[in-house]
Amino acid sequence: MGLVPEIDYGTPHPRGLKGDTDAKMVTLTIDGETVTVAEGTSIMRAAMDSGVTIPKLCATDTLDAFGSCRLCLVEIQGRAGTPASCTTPVAPGMVVSTQTERLKRLRKGVMELYISDHPLDCLTCAANGDCELQDMAGAVGLREVRYGMEGANHLGQAKDTSNPYFTFDPSKCIVCSRCVRACQEVQGTFALTIQDRGFASKVSAGMDEDFMDSECVSCGACVQACPTATLMEKSVIEIGQPEHSVVTTCAYCGVGCSFKAEMRGTELVRMVPYKDGAANRGHSCVKGRFAWGYATHRERILKPMIRSKITDPWREVSWEEAISYTASEFKRIQEKYGRASVGGITSSRCTNEETYLVQKLVRAGFGNNNVDTCARVCHSPTGYGLGTAYGTSAGTQDFDSVEDTDVVMVIGANPTDGHPVFGSRLKKRLRQGAKLIVVDPRRIDLVKTPHVKAAHHLPLRPGTNVAVVTAIAHVIVTEGLVNEAFVRERCDWDEFQDWAAFVAEERHSPEAIADYTGVPAAELRAAARLYATGGNAAIYYGLGVTEHSQGSTTVMAIANLAMATGNLGRRGVGVNPLRGQNNVQGSCDMGSFPHELPGYRHVHDDATRAIFEDMWGVTLEREPGLRIPNMLDAAVDGTFKGLYVQGEDIVQSDPDTHHVTHGLESMECVVVQDLFLNETANYAHVFLPGSTFLEKDGTFTNAERRINRVRRVMPPRNGYADWEITQLLSNALGYPMSYSHPAEIMAEIAATTPGFRNVTYEMLDERGSVQWPCNDDAPEGTPIMHINGFARGKGKFVLTEYIPTDERTGARFPLLLTTGRILSQYNVGAQTRRTANSEWHKEDRLEIHPHDAENRGVRDGDWVKLQSRAGETTLRALITDRVSPGVVYTTFHHPMTQANVITTDYSDWATNCPEYKVTAVQVSPSNGPSDWQEKYKTHSDLSRRIVGTDAAE
Ligand code: SF4
Ligand code: SF4
Ligand code: SF4
Ligand code: FES
């Protein structure tokens with residue numbers, strides 16, 4: 001087992017990701033061989049296609065050709081000189097020589113110059129064996145340097161070690177500018193420049209700052225692009241060059257980036273983005289690329305623990321004891337309180353196979369439908385809204401589709417922080433000329449970032465999404481911008497007419513809603529016209545759409561816009577939810593909701609139940625089970641007593657923390673299966689240590705419906721993969737499971753779930769990934785949905801009446817709080833806070849507009865009390881005009897902030913998704929953390945004590 005090979009063709013494919021199906025082909029001769037390639041291909045790439053490798057240094061196939069190093073020279077019959085093969089496109093009949101004596105001499109001369117200004121420490125250099133400069137010296141046959149090493153040079157310059165993950169050693173730099181171009185072309189941050197000219201030219205981060213103080217977002221693209229040891233991962237310097245690698249999938253966000261996990265023995269050396277990864281195309285963000293150290297963090301719990309009361313210290317026990325204790329407790333509870341007194345929560349962080357097993361355990365082992373998922377608190381309205389309008393509870397496009405988009409509308413999402421690799425791909429398209437509309441209360445980075453400026457920013461008041469999106473529809477309908485041919489052919493015409501009459505009402509005009517939404521009417525009209533007439537228009541949205549009392553309504557309003565303008569069923573268009581967690585799509589697909597079996601089929605449906613009853617050998621409950629909030633209500637009422645929570649921290653992530661903890665305190669057996677003692681574990685009786693994504697096999701399904709393989713790169717440090725733990729528990733409960741590998745679980749999923757019918761691990765190994773539906777109708781999977789018709793038949797227009805949330809501002813709570821994520825941290829921070837990512841975000845801050853801050857006597861950095869009707873918390877203020885007056889904003893990555901203490905229990909009318917994005921609050925100066933925060937910390941510390949160890953925090 002060695003390193004997964006990846007070929008560098010030197011320059012990108014001329015047709016980008018679209019392949020060359022309709023490209024004009026060109027035939028030429030290279031070193032006597034006839035080669036036929038797509039028009040626009042470089043000579044360097046054509047040579048690679050014919051098996052000839054031309055030496056290169058400044059070229060790499062992830063970046064546009066630059067032509068600076070002069071190492072790739074070739075001779076072309078009939079042309080003077082020696083052009084660079086990386087910047088010279090092929091031409092019909094061209095005759096190219098790549099290996100003449102003259103070329104060899106010239107290349108050797110170029111390499112001599114480089115090497116004469118390079119520290120000759122190859123044997124002790126961390127890049128030894130993985131250095132293109134070293135390789136090229138060998139390739140051109142350089143044996144001596146005629147100029148000697150004594151002349152003017154760049155040796156001895158200070159190393160920049162400020163970034164926690166990589167170093168910059170300018171003495172090894174050959175100024176090929178690959179890093180600068182990677183930061184511009186791939187990442188789109190423009191943090192690096194080449195300063196000065198000639199011999200004095202050098203790479204500089206920002207205005208000659210160190211990397212940490214610059215605009216750098218630590219995506220790693222420059223490190224990846226660097227052909228020398230100048231930019232180098234610290235982990236490689238510390239551990240040594242990797243020896244073997246395994247392709248797997250990032251376990252952070254719903255982009256689902258593919259990585260090569262590069263190993264030395266069983267130690268992970270680095271995660272390198274995989275060029276063949278269809279979601280990320282070789283790019284990464286700081287989380288997936290670098291923030292994997294939590295897997296070996298000292299606070300990770302590796303032994304099972306139990307305790308009789310949640311006020312007792314934990315007691316480490318064997319796996320046998322923990323499993324049999326849990327099973328006996330669940331049996332006791334069910335005997336005493338009834339079959340419906342227990343339930344389970346699946347995790348959007350775990351694999352499809354693990355999620356499938358948890359819902360199977362609940363339905364077949366517990367004998368009820370009390371299973372729910374954390375997707376409840378984020379994208380359940382997407383499932384409901386898109387399911388209603390189109391018939392499929394998922395986004396319509398693949399990420400590649402953005403390359404054909406002319407107009408992008410981003411609603412309630414912050415891709416550069418929340419979905420960074422997609423954010424970079426989007427920025428690239430915007431730099432190429434696509435237009436951008438941002439609908440967001442906050443001036444997110446995309447509104448104005450290097451070489452990108454939104455055509456329109458609609459800074460709506462939190463909670464008014466439905467009014468704004470319906471007003472966009474009003475403009476489209478009343479100004480005659482509907483794509484009638486599409487609507488007549490693809491949608492229910494009667495429903496469309498009802499909808500058109502509804503949105504055309506004057507009360508839905510931009511002018512009528514301007515006051516209460518805060519969006520200027522002219523700006524909204526211009527944005528609507530651009531969306532409807534600007535060419536291929538795509539909508540990307542996030543939790544700023546779903547986490548509202550009208551979350552499902554907004555999703556349907558968005559679905560209406562795309563149908564009315566015909567922006568569905570082809571590349572470059574569509575409706576695309578940006579999913580938060582790595583497997584939130586998969587956890588929904590796998591039947592994690594109490595009313596749905598895998599594949600979104602209602603438990604009422606006799607035929608569907610029959611499929612699973614046959615497969616599982618049990619009779620299934622016909623009535624939907626309890627949702628998470630209902631489980632907690634029932635616990636407070638004394639009828640729900642046992643909960644199995646896999647990979648989820650409901651105390652931190654669910655709304656109304658006090659209600660959650662009250663519910664948990666009322667239960668008799670709470671089982672938490674996780675990597676760390678999270679906040680929910682404070683209320684647990686059993687802790688089952690979970691495994692990381694590096695320690696197990698399985699699949700994640702990303703926001704594009706792409707099923708990606710997760711591959712085990714090291715044995716589980718806790719002893720078992722999460723699916724094995726669920727299986728042990730099921731067997732102990734008396735419901736037998738005997739899978740020997742997750743591939744067998746996928747075979748069961750495929751056998752029972754139509755959209756997964758043709759999915760197998762063999763297929764995934766062969767193809768890399770596949771987007772569901774993948775069955776006999778779509779054996780290759782489905783990159784774009786609804787090409788010839790909607791999954792439900794005719795597209796359904798739904799009337800979207802705006803109903804203001806019950807959460808209102810007033811004299812006591814005059815400001816509106818909305819929440820979001822920051823790039824370096826992830827959700828409740830359990831993983832990222834245990835990595836060096838915390839260097840970028842040590843605490844959650846409250847963003848407040850200068851006017852609001854001044855009115856309250858708050859200065860930047862002051863402690864402030866944030867109060868709502870539900871509760872209060874304290875954090876420090878960040879004064880910024882990114883938020884409008886009247887709006888405040890915070891992240892929720894740190895447990896001490898507990899933003900959900902102040903969120904209310906209002907929720908989406910259709911799905912119960914909590915209204916996290918709108919809370920009426922007051923902000924006032926404070927002296928520091930409030931009493932409950934101090935108490936909370938003490939309580940957490942106490943309950944984390946473990947008998948017989950010193951592992952307490
Ligand atoms: S740091 Fe690396 S990629 Fe950047 S110019 Fe120097 S050698 Fe080239
Ligand atoms: S790590 Fe990324 S953002 Fe930072 S300088 Fe390199 S390419 Fe630019
Ligand atoms: S964009 Fe998302 S999936 Fe990709 S590396 Fe970053 S966190 Fe991981
Ligand atoms: S590789 Fe072509 S000029 Fe550098």
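I will go through the confidence of this model, one annotated domain, the surroundings of two ligands, and then one cavity and one pocket.

To begin with confidence, please keep in mind that this is a predicted model. The protein averages a pLDDT of 90, and 95% of the residues score at least 70. One stretch that calls for caution is residues 938–953, where pLDDT stays under 50, although the model still has 29 contacts beyond four places in sequence for these residues.

Turning to annotation, an unreviewed UniProt entry lists residues 243–299 as "domain: 4Fe-4S Mo/W bis-MGD-type". In the model, the chain over residues 243–299 is 9% helix and 35% strand, with 28 Å between the end C-alpha atoms.

Next, the ligands. Around ligand 1 there are 14 residues, and the closest are Cys173, Cys176, Ser177, Cys179 and Cys226; divided by class, this shell has ten nonpolar, three polar and one charged residues. For ligand 2, the surrounding residues include the cysteines Cys183, Cys216, Cys219 and Cys222, and also Phe166, Leu192, Phe211, Val217, Ser218, Gly220 and Ala221. The shell around ligand 2 has nine nonpolar and two polar residues, and no charged residues.

That brings me to the empty spaces. The structure holds eleven cavities of 30 Å³ or more, and I will take the second largest cavity, which has a volume of about 400 Å³. It is lined by 27 residues, of which Gly412, Ala413, Gly544, Thr819 and Lys917 are the closest to its centre. Helix H18, residues 543–546, and strand E31, residues 815–820, each supply at least two residues of this lining, and the largest share, three residues, comes from E31. By class, the lining of this cavity divides into ten nonpolar, 13 polar and four charged residues.

Finally, the second largest pocket has a volume of about 1,100 Å³. Which residues lie nearest the centre of this pocket? Of the 39 that line it, they are Val217, Asp417, Asp445, Ile822 and Leu823, and Val217 is also one of the residues around ligand 2. Among the elements that each supply at least two residues of the pocket lining are helix H11 (415–418), helix H12 (420–431) and strand E35 (887–891), while the largest share, four residues, comes from H12. The lining of the second largest pocket has 13 nonpolar, 14 polar and twelve charged residues, and I will stop there for discussion.

How values were computed:
Residues numbered from 1 in each chain as written. Chains lettered and ligands numbered in written order. Predicted model: local features only at pLDDT ≥ 70, side-chain atom pairs only at ≥ 80, totals over all residues. Heavy atoms only, no water. Near = heavy atom within 4 Å. Nonpolar A, V, L, I, M, F, W, Y, C, P; charged D, E, K, R; others polar. pLDDT = per-residue confidence, 0-100. Contact = heavy atoms within 4.5 Å. UniProt positions renumbered as here; feature names shortened; annotations may be inferred. 1 Å grid on protein atoms, 1.4 Å probe; cavity = no way out; pocket = protein on both sides within 12 Å on 5 of 7 lines; lining within 4 Å. Points joined across faces, edges and corners; volume = space filled by probe spheres on them.
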